[in-house]
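Student: I have a model open and want to test its labels. Can we take them one by one and set each value against its cut-off?

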Amino acid sequence: MLSSINHPLLCPSLPKHGYCSSRTRICNIVRKKRARTMAFASNEGNSEVGVQVGEQLYLGLDFGTSGARFALIDRGGTIHAQGKREYPLYKRKETVDWVHSWKQTLFLLLEDIPFHLRQIIASISIDGTSATTMILDSTTGEPLWRPFLYNESCPDALPIVKSIAPENHTVCSGSSTLCKLVSWWNTVDSNKESAALLHQADWLLWLLHGNLGVTDYNNALKVGYDPELDSYPPWLLSQSYSQLLPSVKAPGTPIGVLKEDIRTQYGFAKDCVVCTGTTDSIAAFLAARATKPGKAVTSLGSTLAIKLLSTSRVDDARYGVYSHRLDDKWLVGGASNTGGAVLRQLFTDEQLENLSEQINPMKTSPLDYYPLPTVGERFPMADPKMAPR
């Protein structure tokens, strides 16, 4: 796993270029059993890292594709506690009830935090899977539709989106948040006036702070938000469904204090602040401490994501390439549907371990496989009809 480090996402007063979370996707798919683990950082041996009198801690929660984890750090980036949970699978009719699963996991992780450390947690933030989209009641926050998952494609909406967006814009992909919004908008006849759009991380954060309708500019990228201009573009605001769009803040911006009922139930401080989040692959990049332009990070888990730090913005939906804003630079990259999840479909844990030991990384493979869990790829080519081979 990538190590967790400090970042203004959780500690707004800290120097930039770091983060207090790690990406859940990496290798969680090789575990069959529902996992719950807790580990304490240590300087040597198994002794728990002590907390100085008056010291504050910062909590990051990472919601990936197959499970979630938390890391609790101090200002120096030392991990004082960390833990993880695989998502419990709840069924509604014939489909997985992801909303119930994510919510349950969030509060299980809060319970897993050592009680004696909760009172000194100064701020909380969450990252989630990019383009995982939720349509909610703008008053109650209850889902009006099942979540659109990160890799789900809505080809029915793609021609409409292409007709209004600039050529090869990030939203011109069937798996973009905007395509999911348009698909929902054209499917339903009711509840449109009372609806609101949030991303996975936004909704989980809302459960903690209670102020509905707030996101960050990393999560908002694939719905059409322009992080360079720091606004939604006119071509998007002119659409009737733009009323669903959330307000956008920089990642790590304080939204409000923790809700009183949660604070009292779990023993957090009265002034514990909840901050806007980011996406899971950006959290992984920051955790790798790559701070110089030209440095890249590959996150291999259920899926595969690549991020490269650049001084220039690059976007081309034909290849699934897009750029997230990171302070005064850009994270250029994309996310593929290949990764550990498809291996889990084909091999057992034992087989994966045995076959991995036989891999010679110094030798080029003669095989021409392209494993995908289903038909469709996002990066390095955006092709919803691409078949695995």
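Tutor: Start with a definition: strands are DSSP runs of E, at least two residues long, numbered from the N terminus. Keep in mind that this is a predicted model.

Student: What makes up the covered face of strand β15, and what the uncovered one?

Tutor: In β15, residues 296-300, Val297 and Ser299 form the covered face. Ala296, Thr298 and Leu300 form the uncovered face. In a regular strand the side chains alternate between the two faces of the sheet.

Student: How do you know that β15 and β16 pair?

Tutor: Pairing needs at least two DSSP bridges between the strands. β15 and β16 (residues 304-310) have five bridges, in the antiparallel sense. So they count as paired. Valine 297 stands opposite lysine 307 in β16. A hairpin of three residues joins β15 to β16.

Student: Now the rings. Why is the pair of tryptophan 184 and tryptophan 185 called tilted?

Tutor: The structure holds seven aromatic pairs. In this one the centres lie 6.3 Å apart and the planes stand at 55°. The centre limit is 6.5 Å, and tilted covers what is neither under 30 degrees nor over 60. Therefore the rings pair, and the pair is tilted.

Student: What makes these two tryptophans buried?

Tutor: Buried means under 20% relative accessible area. Tryptophan 184 has 1%, so it is buried. Tryptophan 185 has 13%, so it is buried too.

Student: Why is the pair of tyrosine 225 and tyrosine 232 called edge-to-face?

Tutor: Their planes stand at 85° and their centres are 5.0 Å apart. Edge-to-face needs over 60 degrees, so the label holds. Tyrosine 225 and tyrosine 232 are both buried.

Student: Which residues do ring pairs link into a cluster?

Tutor: Phe63, Tyr87, Trp98 and Trp102.

Student: How do you know that lysine 192 sits over the ring of tryptophan 185?

Tutor: The distance limit is 6 Å from the ring centre, with an angle limit of 35 degrees from the normal. Lysine 192 is 4.5 Å from the centre and lies over the face. Arginine 146 lies over the face of phenylalanine 148 at 5.3 Å from the ring centre. That distance is also within 6 Å.

Student: On to charges. What makes arginine 92 and aspartate 97 a salt bridge?

Tutor: The rule asks for N and O within 4 Å. Here they are 3.6 Å apart, so the bridge counts. By this rule the count comes to 11 salt bridges.

Student: Are arginine 92 and aspartate 97 buried or exposed?

Tutor: Arginine 92 has 55% relative accessibility; exposed means over 50%, so it is exposed. Aspartate 97 has 12%, so it is buried.

Student: Why are aspartate 349 and arginine 344 called partly exposed?

Tutor: Partly exposed lies between the 20% and 50% limits. Aspartate 349 has 22%, so it fits. Arginine 344 has 22%, so it fits as well. Their side chains meet in a salt bridge at 2.0 Å, N to O.

Student: How do you know that aspartate 368 and arginine 389 form a salt bridge?

Tutor: Their closest N and O atoms are 3.3 Å apart. The limit is 4 Å, so they qualify. The two residues are 21 residues apart in the chain, both in the segment after α10 (349-357). Aspartate 368 is exposed at 55%. Arginine 389 is partly exposed at 48%.

Student: Which residues do salt bridges with shared partners join into one network?

Tutor: Asp226, Glu228, Arg313 and Asp315.

Conventions. Residues numbered from 1 in each chain as written. Predicted model: local features only at pLDDT ≥ 70, side-chain atom pairs only at ≥ 80, totals over all residues. Heavy atoms only, no water. Phe/Tyr/Trp six-rings, centres within 6.5 Å; stacked < 30°, edge-to-face > 60°. Buried < 20%, exposed > 50% of the residue type's maximum accessible area, 1.4 Å probe, protein only. Helix = DSSP H or I, 4+ residues; strand = E, 2+ residues; numbered from the N terminus.
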